[in-house]
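Visitor: I would like to take a close look at a single part of this structure, and to see how that part sits within the whole. Please take your time over the details.

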Amino acid sequence: MEKRRIYVDNSATTPIHPQVLEEMMPYLTESYGNPSSIHFFGREARKAMDKARERVALGLGAKTEEIYFTGSGTEADNWAVKGVAFANKKKGNHIITTKIEHHAILHTCEYLEKQGFDVTYLDVDEYGLVNPDDVENAINDRTILISVMFANNEIGTIQPIEEIGKIAKKRAVYFHTDAVQAMGNVDINVDKLGVDLLSISGHKIMGPKGIGALYVRKGTRIDNLIHGGAQERKRRSGTENVAAVVGMGKAVQLAVENLDQHVRKMTSLRDALIDGIKERIPHVRLNGHPSQRLANNVNFSFEFVEGEALLLSLDMEGIAASSGSACTSGSLDPSHVLLAIGLSHETAHGSLRMSLGEINTREDIDYILDKLPAIVEKLRALSPLFKQCEGGKVSV
Ligand SMILES: *Cc1c(COP(=O)(O)O)cnc(C)c1O
């Protein structure tokens, strides 16, 4: 097989869909008006923003006035957690979240702890699942917010959001979910899920980078995060990134329209990759839930292999993957998610995430399955531990 360029890091970011780019182009060129201006340039931009907001609302089963555009998924997460915390601090100071959230949630919660809030970080089971009973048991009379991610960006586990939503409603606690990875891979309806706040990001769903959205259920008490002009119905100031907003609207529309077909295609590629790795490589462990997982997520630990070395070897073969989340690569700390599901530091270090996307084909999977076993074998041959344990007992 000739050398290829294969991208299996779609949970880090995705390419822009050609139809998304096409809809954005006018707002990067001739339609440059400020949506707050009353002249025709401004009205043109305003109209495009309204249409994008309608598309996002439709995609989430929300009302248009419940959708706010933000500068990223990270900002949407920050706003949801800080905004609800600060607006409701007279009522209570307790927040419930999990140990496997994205850093946009975890680091925000750690910041709030310094501001006097109490945060419960719930454990997950070996598959990365949160137990809704644990959520209910953690609620006390000072609890103001529950934030549990819809689907995990590293191991792909999908949480029982609907069940947690029922508990939150029964106990009258605000409920936020980070749906950045779920969007486009899972059917999302804010009423069915029973969420009060929900974050999404443009660049994870073939939209542009630097744009996100926060759904805020009507009547939710939430402070502003960004102060300034009167944009986004006075909730999120700053002249709108019109082109990115337009791109986000189109990306959400396409993600929802193509959901079933996308999930079918991803599931088939994912399962071929998972089965192929299990067949060809000994001493591996699939991380995440076997069935309640994102259709595009593959995450394995390879015993006696160093993740960074694996990534570099794959890179040399033209395969772009990840050792966890893009945010933790470059640091030597093992992933907090893999530690939370009970992996040892060594096993967590030997982990590889391959996240698939619309761009991937069956040929990509075959190419990876052709290259990966030899790479793992070569790296293991260099490991003194592996030689010691060969034929003996191994931990996975
Ligand atoms: C990527 C990601 C984010 C952050 O979104 P950005 O738009 O990159 O800031 C938040 N949560 C999850 C689960 C993600 O995967």
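Visitor: What share of the contacts in the protein chain with a separation of 6 or more comes from residues 24 or more positions apart? With that as background, please take me closely through the surroundings of the ligand: which residues of its shell are the closest?

Guide: The model is a predicted one, and in its protein chain residues 24 or more positions apart account for 75% of the contacts with a separation of 6 or more. The chain is made up of 15 helices and 12 strands, and its C-alpha atoms fill a box of roughly 70 × 55 × 35 Å along the principal axes. Because a compact globule with 396 residues would have a radius of gyration near 21 Å, the 22 Å found for this chain agrees with that expectation. Of those 396 residues, 58% count as buried, while the chain exposes about 17,300 Å², with 51% of that area supplied by carbon and sulfur atoms.

Turning to the ligand, 13 residues surround it, and the closest of them are T74, D178, Q181, S201 and K204. By character, the shell divides into 8 polar, 3 charged and 2 nonpolar residues, and its largest share, 3 residues, comes from helix α3, which spans residues 73–87. Several polar side chains approach oxygen atoms of the ligand: a polar side-chain atom of T74 lies 2.6 Å from one such oxygen atom, an N or O atom in the side chain of S201 is 2.7 Å from an oxygen atom of the ligand, and for a polar side-chain atom of H203 the distance to a ligand oxygen is 2.8 Å. The protein covers 90% of the 380 Å² of accessible area that the ligand has on its own.

Among these residues, S201 can be followed further into the fold. S201 belongs to strand β7, and it counts as buried because its relative accessible area of 4% falls under the 20% cut-off. Leaving out residues up to four places away in sequence, S201 touches G73, V180, I211, G212 and M248. Beyond strand β7 (197–201), the loop that leads to β8 (212–216) contains M206, a residue other than glycine whose phi is nevertheless positive, near 65°. M206 has a relative accessibility of 16%, and therefore counts as buried.

A similar backbone feature can be found elsewhere in the chain, at F304, which has a positive phi of about 65° although it is not a glycine. F304 is placed in the loop between β10 (297–302) and α11 (307–316), and, with a relative accessibility of 17%, it is counted as buried because that value is under 20%.

One further serine is worth a look beside S201. S147 is in strand β5, which covers residues 143–147, and its relative accessible area of 0% is why it is classed as buried. The side chain of S147 makes a polar contact of 2.8 Å with the side chain of H176. Apart from neighbours within four places in sequence, S147 is in contact with H176 and also with V81, I96, T97, T98, E101 and I105.

Notes: Residues are numbered from 1 along each chain as its sequence is written. This is a predicted model: local features need pLDDT of at least 70, side-chain atom pairs count only at pLDDT 80 or more; totals for chains, interfaces and linings use all residues. Side-chain values use heavy atoms; hydrogens and water are left out. Helices (H or I, at least four residues) and strands (E, at least two) are DSSP runs, numbered from the N terminus. Buried means under 20% relative accessible area, exposed over 50%, partly exposed in between (1.4 Å probe, protein chains only). A polar contact is a pair of N or O atoms within 3.5 Å; within protein, one must be able to donate a hydrogen and the other to accept it, and residues adjacent in sequence count only if both atoms are side-chain atoms. Contact means heavy atoms within 4.5 Å. A residue is near a molecule or strand if one of its heavy atoms lies within 4 Å of it. Accessible areas come from the Shrake-Rupley method with a 1.4 Å probe; for residues, only the protein chains shown count as cover. Ala, Val, Leu, Ile, Met, Phe, Trp, Tyr, Cys and Pro count as nonpolar, Asp, Glu, Lys and Arg as charged, and the others, Gly among them, as polar. The radius of gyration is taken over C-alpha atoms; the globule rule is 2.2 Å times the number of residues to the power 0.38.
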